[in-house]
Amino acid sequence: MPVPPRAATPALLQIDAIVARLAGRAALAEVCRFVRHSFPHYRWVGVYRRDGDVLVLDGWDGPAPTEHTRIPVDRGVCGRAVREERTVIVDDVRSAPEYLACFLETRAEIVVPIRDGTAVIGEIDIDGNEVRAFDASDRSFLESVAPRLTAAVRAAAAEPPLD
Ligand code: SME
């Protein structure tokens, strides 16, 4: 089930409210929690921040943590979206050679860049458990979510490192 058009606008308003109330990593974690619980085909939701040549996981929500809390930009579907500066949808992770496995159940992935001006400073990364879990409605919705997270990603960069 993709994002129903009538669900997108209320969800974006909720996200506006979250980023008005919270900042930095706290805001990113709450947005991840909110979108995962709003759209059941989003099985794991994370936000990575670009720190030089590494993507650092700054917020996530899902049934289990990922071992990939730091991803070099030359690796993974996550790295590809940053290098190509565009949304990447993988219909079936078994046919994406660069895919870094986190969860056995994952079959599809969508990664959407977060920009500050023209620079890509981070990304939203979502795993799905069905082949072709994500379509144009997810792309459109998440490309509207991404700019709402720019300030929170910028603020997270100023917070003390997690490790
Ligand atoms: N699958 C990603 C790694 C992150 S996990 O999905 C949380 C990738 O290939 O970059």
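**Exercise 1.** How do the residues of the shell around the ligand divide into nonpolar, polar and charged?

*Solution.* Start with the ground rules. This is a predicted model, where local features need pLDDT of at least 70, side-chain atom pairs count only at pLDDT 80 or more, and totals for chains, interfaces and linings use all residues. Residues are numbered from 1 along each chain as its sequence is written, and side-chain values use heavy atoms, with hydrogens and water left out.

Next, sort the shell. A residue is near the ligand if one of its heavy atoms lies within 4 Å of it. Ala, Val, Leu, Ile, Met, Phe, Trp, Tyr, Cys and Pro count as nonpolar, Asp, Glu, Lys and Arg as charged, and the others, Gly among them, as polar. The result is eight nonpolar, two polar and three charged residues.

**Exercise 2.** Find which element gives the most to the shell around the ligand.

*Solution.* Helices (H or I, at least four residues) and strands (E, at least two) are DSSP runs, numbered from the N terminus. β1 (44–51), α3 (76–84) and β6 (119–128) each supply at least two shell residues. α3 gives the most, with three.

**Exercise 3.** List polar contacts (N or O pairs within 3.5 Å) of the ligand with Val-77, Glu-109 and Asp-127.

*Solution.* Take Val-77: one of its backbone N or O atoms lies 3.0 Å from a ligand oxygen. At Glu-109, a polar side-chain atom is 2.9 Å from a ligand nitrogen. For Asp-127, a side-chain N or O atom is 3.3 Å from a ligand oxygen.

**Exercise 4.** Why is the pair of Phe-39 and Phe-141 edge-to-face?

*Solution.* Rings of Phe, Tyr and Trp (its six-membered ring) pair if their centres lie within 6.5 Å; planes under 30 degrees apart count as stacked, over 60 as edge-to-face and the rest as tilted. Here the centres are 5.1 Å apart and the planes stand at 65°, so the pair is edge-to-face. Phe-39 lies in the loop between α2 (24–38) and β1, and Phe-141 in helix α4 (residues 136–145), 102 residues apart.

Key
A polar contact is a pair of N or O atoms within 3.5 Å; within protein, one must be able to donate a hydrogen and the other to accept it, and residues adjacent in sequence count only if both atoms are side-chain atoms.
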